Structures are given as structure tokens and as C-alpha cells.
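Please open the model in your viewer and keep the sequence panel visible. The tour below proceeds by selection, one stop at a time.

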Amino acid sequence: MYTILLVDDETRMLELLDLYLSPKGYHCVKCESGLAAVQYLENHKADLVLLDIMMPEMDGWETCKRIREFSDVPIIMVTARDQTLDIVKGLNIGADDYITKPFDEAELLARIEAVLRRSVGKRSKIEFQGLVWDEDEHKTHYQNEPIFLTPKEFAILGLFLKHPNRVFSREQIIVSLWGYNANTEERTIDSHVKNIREKLRQVGFPIDQFLQTVWGVGYKWET
């Protein structure tokens, strides 16, 4: 579950955002000031920040600058302003995207999902319920127990972890890992997935809860 930090001085807007996002599976943390948001992020992890610009004392621009001093958490600026200069200013100081009030719920969700996809795609180390996949060190372990994967098994597991809840066909996995001109057969993917499952079971990770077969299509990592 992704954690989204909602930052707005209007309680009603915080409640409205929570009402939009919680049913979609997001865990929402609400802050009514920029200072409270900065203090929260100094001590807790969030996957994305929805940051209002027009706030007293510390506005969204200043809050964004403060956050960027110590964190690269994705930030979407939320404001009633829609002038080009305001948008450019927000992006130049470190925001990842920008949406104006009043916003459409579907557009807000789409922008959140897009920013999270870009953010997750850049991650070289992913932790999931005690399972650690470290691309830089090319290592995987569960609760400090090493898991010895082949390079292709490691890459397939990383593909799933970087894109939770997305269904991948066998052909898509082949293209992602081997390229468009590969002669790899689809049953090769089944063998790799079988090995991944067995190796994670051996160290006690409940792999069958998360790595799901989508019959007639392929596989997905269910969160």
C-alpha cells in the first residue's frame, strides 16, 4: 500500500482528498501546514506528497524547497492557480507534477499513478514485507536470509516488484528482458517463475500470496 502525504491548510480539502484516495487503496496522512509536512517527512516515509501551494506561514513553494533539501519523494503541487508561470515555478523547484483545483477525480488518480510509476521505475532497491531486492548489489534476501537467483530470475522478480498489480504477459516479460528480436520461448518464462517461487518458499517468504498466475495471460505481483 502506498502512503500519500496530503498537505493543505483547509481541513475540508484534506477530507475530500482522503475520500477520493482511500477507497483506491492509498494510505493517506494529513498535514495542515507545510512545517508539519516537513517534520513528518524527516521522521517517516511517504511514497508521494500532494502539496497545496496557497498556505499561510509556509506556502507550498517554500515547503517543496525544504523537502528537496533532504528527500526525493515525488511531489504533486495542488492549487487553484493555473497560470503558466506558477506551473513552471513549481516544476523548477522540484515538483514532479501539477494539478489545479477544482480537479477531476479521475485525472488526479491518473497523475498520481503516473508519478508513482516513474518513481518506482527508478528505484534500485525495493523492500517488500521483509523481502529485499537490491539492483546495485544484485542481491536478494528475505529477513537477512540470502536468496540465490540466476540473472534472469533476478530481473523477472525486479520487474514484478517495480510494477505491483500490473499483469505481464509472457511475451511482455521476454521483450522487457531479452528484447524484441529474442528467440526465447514463452515456456521459458514459466520455468523461471517456477524457480523464483521455489527459492522464495525455501526461505519462508509467502510467495503464493503475491506472485499470481493470471490464467491465459501471464503473471502479476499482487499487493
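**First stop: Arg170**

Select Arg170, which lies in helix H7 (residues 170-178). Helices (H or I, at least four residues) and strands (E, at least two) are DSSP runs, numbered from the N terminus. This is a predicted model, in which local features need pLDDT of at least 70 and side-chain atom pairs count only at pLDDT 80 or more, while totals for chains, interfaces and linings use all residues. Residues are numbered from 1 along each chain as its sequence is written, and side-chain values use heavy atoms, with hydrogens and water left out.

Is Arg170 buried or exposed? Its relative accessible area is 17%, so Arg170 is buried; the term means under 20% relative accessible area, whereas exposed means over 50% and partly exposed lies in between (1.4 Å probe, protein chains only). Now display the surroundings of Arg170: leaving aside neighbours within four places in sequence, it is in contact with Glu186, Ile189, Asp190, Val217, Gly218 and Tyr219. Contact here means heavy atoms within 4.5 Å.

**Second stop: Gly218**

Move to Gly218, one of the contacts of Arg170. Gly218 belongs to strand S12 (residues 218-221). Gly218 counts as buried because its relative accessibility is 0%. Not counting residues up to four places away in sequence, Gly218 touches Phe168, Ser169, Arg170, Gln212 and Thr213. For a distance across the model, pick the C-alpha atoms of Gly218 and Phe128: they are separated by 21 Å, with the two positions 90 residues apart along the chain.

**Third stop: helix H6**

Select Phe160 in helix H6 (residues 151-162). Phe160 has 1% relative accessibility and therefore counts as buried. Which residues does Phe160 contact, leaving aside its neighbours within four places in sequence? They are Phe168, Ile173, Val193, Leu211, Tyr219 and Trp221. Phe160 and Trp221 are 61 residues apart along the chain, yet their C-alpha atoms are separated by 5.5 Å.

Stay in helix H6 and select Glu153. Glu153 is buried, with a relative accessible area of 2%. Its side chain makes a polar contact with the side chain of Lys199 (2.7 Å). A polar contact is a pair of N or O atoms within 3.5 Å; within protein, one must be able to donate a hydrogen and the other to accept it, and residues adjacent in sequence count only if both atoms are side-chain atoms. A polar atom of the Glu153 side chain also lies 3.0 Å from the backbone nitrogen of Thr150. Not counting residues up to four places away in sequence, Glu153 touches Phe148, His192, Asn195, Ile196 and Lys199.

**Fourth stop: helix H3**

Select residues 60-68, which form helix H3, and colour its buried residues: Gly60, Trp61, Thr63, Cys64 and Ile67. Viewed down the axis of H3, these buried residues fall within an arc of 160°, so they line one face of the helix. The arc is that of the directions from the helix axis to the C-beta atoms. At the N-terminal end of H3, Asp59 acts as a cap: one of its side-chain oxygens lies 3.1 Å from the backbone nitrogen of Trp61.

**Fifth stop: backbone geometry in the loops**

Most residues other than glycine have a negative phi, and most peptide bonds are trans. Go to Lys101 and Pro102, which are joined by a cis peptide bond with omega of about -10°. Pro102 sits in the loop between strand S5 (97-100) and helix H5 (105-122).

Next, select Asn144, where phi is positive, near 70°. Asn144 is in the loop between strand S8 (139-142) and strand S9 (145-147). Asn144 is exposed, with a relative accessible area of 67%. Asn165 also has a positive phi, of about 70°, and its place is in the loop between H6 and strand S10 (168-169). Asn165 is partly exposed, with a relative accessible area of 38%.

**Last stop: the whole chain**

Clear the selection and view the full chain, which has eight helices and twelve strands. Its C-alpha atoms fill a box of roughly 60 × 35 × 30 Å, taken along the principal axes. Of the 223 residues in the chain, 43% are buried. Among contacts between residues at least 6 apart in sequence, 55% join residues at least 24 apart.
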